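Subject: The structure we talked about

Hi,

Here is the structure I promised to pass on. Have a look at it first, and my notes come after.

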Protein chains: 2
Amino acid sequence: MSNAVNDSVDDSVDDGTIDISRRRLLGTVGAAGATGLLIGAAGGAGIAAAGDGSGTADASALTSVGATEVMFHGKHQAGITTPLQARGHLVAFDLAPGAGRKEAAALLRRWSATAKAVMAGRPSTGDTGIALDAGPSSLTVTFGFGRSFFDRTGLTARRPQQLDPLPAFSSDALDPKRSEGDLWVQIGADDALVAFHALRALQKDADGAARVRWQMNGFNRSAGATARPMTARNLMGQVDGTGNPKPTDADFDRRIFVPRGGQGAAGAQEWMAGGSYAVVRRIRMLLDDWEKLSLEKQEKVIGRRKADGAPLTGGSETTPLDLDKFGPDGKTVIPDNAHSRISAPEQNGGAAMLRRPFSFHDGIAADGTPDAGLLFVCWQADPLRGFVPVQRKLDRGDALSPFVRHEASGLFAVPGGAAEGEYVGQRLLES
Amino acid sequence: MSNAVNDSVDDSVDDGTIDISRRRLLGTVGAAGATGLLIGAAGGAGIAAAGDGSGTADASALTSVGATEVMFHGKHQAGITTPLQARGHLVAFDLAPGAGRKEAAALLRRWSATAKAVMAGRPSTGDTGIALDAGPSSLTVTFGFGRSFFDRTGLTARRPQQLDPLPAFSSDALDPKRSEGDLWVQIGADDALVAFHALRALQKDADGAARVRWQMNGFNRSAGATARPMTARNLMGQVDGTGNPKPTDADFDRRIFVPRGGQGAAGAQEWMAGGSYAVVRRIRMLLDDWEKLSLEKQEKVIGRRKADGAPLTGGSETTPLDLDKFGPDGKTVIPDNAHSRISAPEQNGGAAMLRRPFSFHDGIAADGTPDAGLLFVCWQADPLRGFVPVQRKLDRGDALSPFVRHEASGLFAVPGGAAEGEYVGQRLLES
């Protein structure tokens, strides 16, 4: 089965800049099965599972868990439009005392080499063996820079305005020790040992140059757990992600990725071309309170039916909300404070962020309440046009607010993908 | 696809007591795919994946992630010989103040009804919706009683001698708050949301009758991450579980399950017929220290090759250890303190326990070290002939000891499976 030529790749959203659409499977990859998909870093949709929603995609998704490989090189970094993986690690690092731009550049070079190897199912330097036997398993590794990174590396003058601190929200209960950080890494894979293996390898690479500031674990539905690819559910039981922009939308790239030339001062962000900004929030769900609500009340809080995610105004999951429909009681069917109304793209000048979260569950607290919720990760070309206006509106009047608590927050500049021979962030750190 | 008749069940180890080998798929199960397996509670081997290791088993394992259903009713409880699942929760409860035998019986009745429903992919009472869309996903729920349970329920006279406290081991650093407990529940599933859904449902059932004492999360390789079913690896990168007894072994049942009539005083354990004893240990791995060892030193600590788990004396993973083979240096090739030598079944009167662990990773501690390791769960008819003698030997001279720390411990009597119309533990609580 090894060295099989893979012809059944998906149709990636590739502008042709870099040839990522077809390549020969490596021996180590092919060993994991002959039916693997190759996913371009710019391909796929940020929803529950691989495939296009048709019946035929199902078999591929089910038979390619281990063999599916996501490309490291590309216009964009992997892990942004890659389909949600079953397992995720988020980890922030602070540069070690004394480490500056040179050490950061060397670290990003090591990290990029490791990410490229493990995403292809190959061993890393000094490999621990934890991922042996398994295929690439859709592993992605994504690197970002926090606001403080630019001060630490003498690059303050080149810090994008988009990294200005997020405004404070009244529902925030942020723990600074679990927030922000010089560097941020997102790891996702469809196998927990493959993901852990990557985390350990990257932590080892950082030795001496950077130290872990915080680290969180998350999960999504397993590939094949549903009969066909479906929008994910969160731990409140709600279908979550219906309104996400699709890579096939005409304005998807403009909303999610930084254009060539950057925003703001001309050329100031050229190194961010093809990049995106990630807002990361640890959103604790107060599940005991939530689950005390009747199904009817839960559905009014959200404005959608729990069973299938359809708007309370009718139709199916993808039917647009009818925000102006009134019920016999003279009130809008989708309440004025319903979460789906307030966050609706049409209420916010179009969806300007791509939500790509993991659920988390860190056990049950001493009082019996689960320490569980959403590792919310959203992607946008500009957080001031993506996350911030929506969160500001939610903060004022969202019926869901009493049931969630934002416990940690991070904002990171995620550079464009590395070209062959390049490492992530090179255009910032070496020019 | 719903209501499909399933004919491709695996060959379960079924003694014919209860008809668990073939049944019509429920609508809710069939909706998750037409290729589902049904696994009898007594079927399968406690290793990495479903199937018998032949090539044909692979396709089934890969296409049945969501649809595979494990039977609740059976001679034994599910989750003992069931193939390892990708996700696991261990949770211990203490009975609430004032709760006794009557409340415990009512709780086990509720728990059994919930377990039966969610294992079949059906909703539980007051369902949260978290598992909607997904199939049963090999969910198992297993119930056990701790030593203290018998005092709390006025059943001290019927407490099996096998629940006598384990001896103290020199490598123990046990946290009593995360050890033991009146009641123990093991949850496993191939989908993280399905597992969490079951955990929440069972916690809700306990409300008023029992409170969570401790709870731990674990994981194993995802179905389909490897090209064919393989023995699992642990977070040290070692193949782990090679020497496990197989359900096809002639003496498997005698070693793992309590026989009719029980041990000790005649009839004293009749309610444990078909049951087993679970030893649960949270074994922290000191991965930073471990990974500093060279591959050669790691292999000498274990006595097996890391790449494929074969003994250092040659062959493949399943080749017996040659414990008497000497190297050119005049020493045994498998060192005298090698972990595999000390724990070898042939050194301990035959393997008398079935190891069925989950790995755990609860993040990275403040000092940068991962809080990770093994949620060791082993099953045996009698812990004094299974876990205890092996652990006593390991405690004295295992080369692996400096790299692990036992942080929590539990010992639970896991009654036999419930017959149709019965709940787990009924034979103890109502007779």
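Below is what came out of it, starting with one chain and then moving to the interface.

One thing up front: this is a predicted model, so please read everything below in that light.

**Chain A by itself**

Chain A has 431 residues, and 61% of them are buried. Its secondary structure adds up to 11 helices and 11 strands. If you take the contacts in chain A between residues at least 6 apart in sequence, 79% of them link residues at least 24 apart.

One residue I looked at in detail is A:Thr226, which sits in the loop between β6 (210-219) and α6 (252-256) of chain A. Buried or exposed, then, for A:Thr226? Its relative accessibility is 9%, and the cut-off for buried is under 20%, so A:Thr226 counts as buried. The side chain of A:Thr226 also reaches the backbone oxygen of A:Arg228, at 2.8 Å.

**How the two chains are related**

A turn of 180 degrees with a shift of 0.0 Å along the axis lays chain B on chain A, with an RMSD of 0.0 Å. The two copies are therefore related as by a two-fold rotation axis. Both copies use the same surface, too: 100% of the contact residues of chain B recur in chain A.

**The interface**

On the contact count, 57 residues of chain B touch 57 residues of chain A. Between them the chains bury about 4500 Å², with 53% of that on carbon and sulfur atoms. In chain B, the residues that lose the most area to chain A are B:Asp133, B:Leu193 and B:Arg221, which together account for 13% of what that side buries.

There is plenty for the electrostatics-minded as well. The count is 10 salt bridges between chain B and chain A. One of them pairs the side chains of A:Asp133 and B:Arg233, at 2.8 Å from N to O. As for polar contacts across the interface, 32 residue pairs turn up, with both partners at pLDDT 80 or more.

Which elements of chain B supply at least two residues each to the side that touches chain A? They are α2 (55-63), β3 (87-95), α5 (192-206), β6 (210-219), α7 (287-292), β9 (358-364) and β10 (370-380). The largest share comes from α5(B), with 7 residues. By class, that side of chain B has 25 nonpolar, 20 polar and 12 charged residues.

That's the lot from me.

Cheers

Terms used: Residues numbered from 1 in each chain as written. Chains lettered and ligands numbered in written order. Predicted model: local features only at pLDDT ≥ 70, side-chain atom pairs only at ≥ 80, totals over all residues. Heavy atoms only, no water. Contact = heavy atoms within 4.5 Å. Buried area = accessible area lost by both parts, 1.4 Å probe. Salt bridge = Lys/Arg side-chain N within 4 Å of Asp/Glu carboxyl O. Polar contact = N/O pair within 3.5 Å; in protein donor to acceptor, adjacent residues only side chain to side chain. Helix = DSSP H or I, 4+ residues; strand = E, 2+ residues; numbered from the N terminus. Nonpolar A, V, L, I, M, F, W, Y, C, P; charged D, E, K, R; others polar. Least-squares fit on C-alpha atoms with pLDDT ≥ 70 in both. Buried < 20%, exposed > 50% of the residue type's maximum accessible area, 1.4 Å probe, protein only.
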